[in-house]
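Q: I'd like to learn how to read a protein model, step by step. Can we go through one together?

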Amino acid sequence: MRAKAILCLLCLGGILILPLPAPAAPEPVSAERVHRALQLASRYLVGQQRQTGNRRYWDDFSQFQGGVTCLCTLALLNAGTPADDPVIAGALEYLRSLGRPNYVYSAALQVLVFCEVGQEADLLLVRRNVQWLEHAQRKESVFNGGWGYTDASDSADNSNSQFALLALHEAERRGIEVQDATWRRADRYWKNQQLPNG
């Protein structure tokens, strides 16, 4: 019995040390393959959209209301889905019905969606969210210039801070004023985040 076990282990060990065949080289990336991937991903996102009454949205986390819907809407817009497509139009209607977000992710993502669509009627919502994001920016301690999850966060993190800055940048490109002090604090925050080794 012991000899059989040793023989099995030796055989298994021999299998494990045999050279494995080299993986096949991936196909080169082509415009056609990228386009097909975008089509498949878009079809998936459209299939995940929920409809409640005349509102179309994606399942959102309760605390980040509108966040997942914004991410899916941005993905579809960037994949070439037109803003007047019923899937996008329904998501926009849902996002416009939400009150002012209380989380940085949601506020920033709404700004990004509304700026991408570019409808003048949404500029009031963009301005509202920009003002809230400026208010939510940390203005003291080692986190000065960054953003946490909410306007009451004691700390900041680079993910929330990145989303806030992307939104403020797009809002400014659409003509919404962002205070110089907001940019200066953010610049200082990011420079302070860099480690000595670069």
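Q: Among contacts between residues at least 6 apart in sequence, how many join residues at least 24 apart?
A: The idea is to ask how far along the chain two touching residues sit from each other. This model is predicted, and in its protein chain 60% of the contacts between residues at least 6 apart join residues at least 24 apart.

Q: What does the secondary structure of the protein chain come to?
A: You tally helices and strands, then read off their order. Here there are eight helices and two strands. Going along the sequence, the pattern is α-α-β-β-α-α-α-α-α-α, with the two β's side by side in that pattern.

Q: What share of the residues in the protein chain is buried?
A: To call a residue buried, you look for a relative accessible area under 20%. By that rule, buried residues are 36% of the 198 residues in the chain. As for the outside, the chain exposes about 12,500 Å², and carbon and sulfur atoms supply 57% of that area.

Q: How many salt bridges does the structure hold?
A: For these, you look for a side-chain nitrogen of Lys or Arg within 4 Å of a carboxyl oxygen of Asp or Glu. The structure has four of them. One of the four pairs Glu120 with Arg174, whose closest N and O atoms are 3.8 Å apart.

Q: Where do Glu120 and Arg174 lie?
A: Find each partner's place in the chain. Glu120 is in the loop between α5 (104–117) and α6 (123–136), while Arg174 is in the loop between α7 (158–173) and α8 (180–193), so this pair ties together parts that are 54 residues apart in sequence. Glu120 is exposed, at 58% relative accessible area, whereas Arg174 is partly exposed, at 27%.

Q: How many residues apart in helix α7 are Glu170 and Arg173?
A: Count along the helix. Glu170 and Arg173 are three residues apart in α7, so about one helical turn separates them. They form a salt bridge, with the closest N and O atoms 3.3 Å apart. Arg173 counts as exposed at 61% relative accessibility, but Glu170 is partly exposed at 23%.

Q: And in which helix do Lys191 and Asp187 lie?
A: Both are in α8, four residues apart, which is about one turn of the helix. Their side chains meet in a salt bridge, 3.0 Å from N to O. Lys191 is exposed, with a relative accessible area of 56%, and Asp187 is partly exposed, at 40%.

How values were computed. Residues numbered from 1 in each chain as written. Predicted model: local features only at pLDDT ≥ 70, side-chain atom pairs only at ≥ 80, totals over all residues. Heavy atoms only, no water. Buried < 20%, exposed > 50% of the residue type's maximum accessible area, 1.4 Å probe, protein only. Contact = heavy atoms within 4.5 Å. Areas by Shrake-Rupley, 256 points an atom, 1.4 Å probe, with all protein chains shown as cover.
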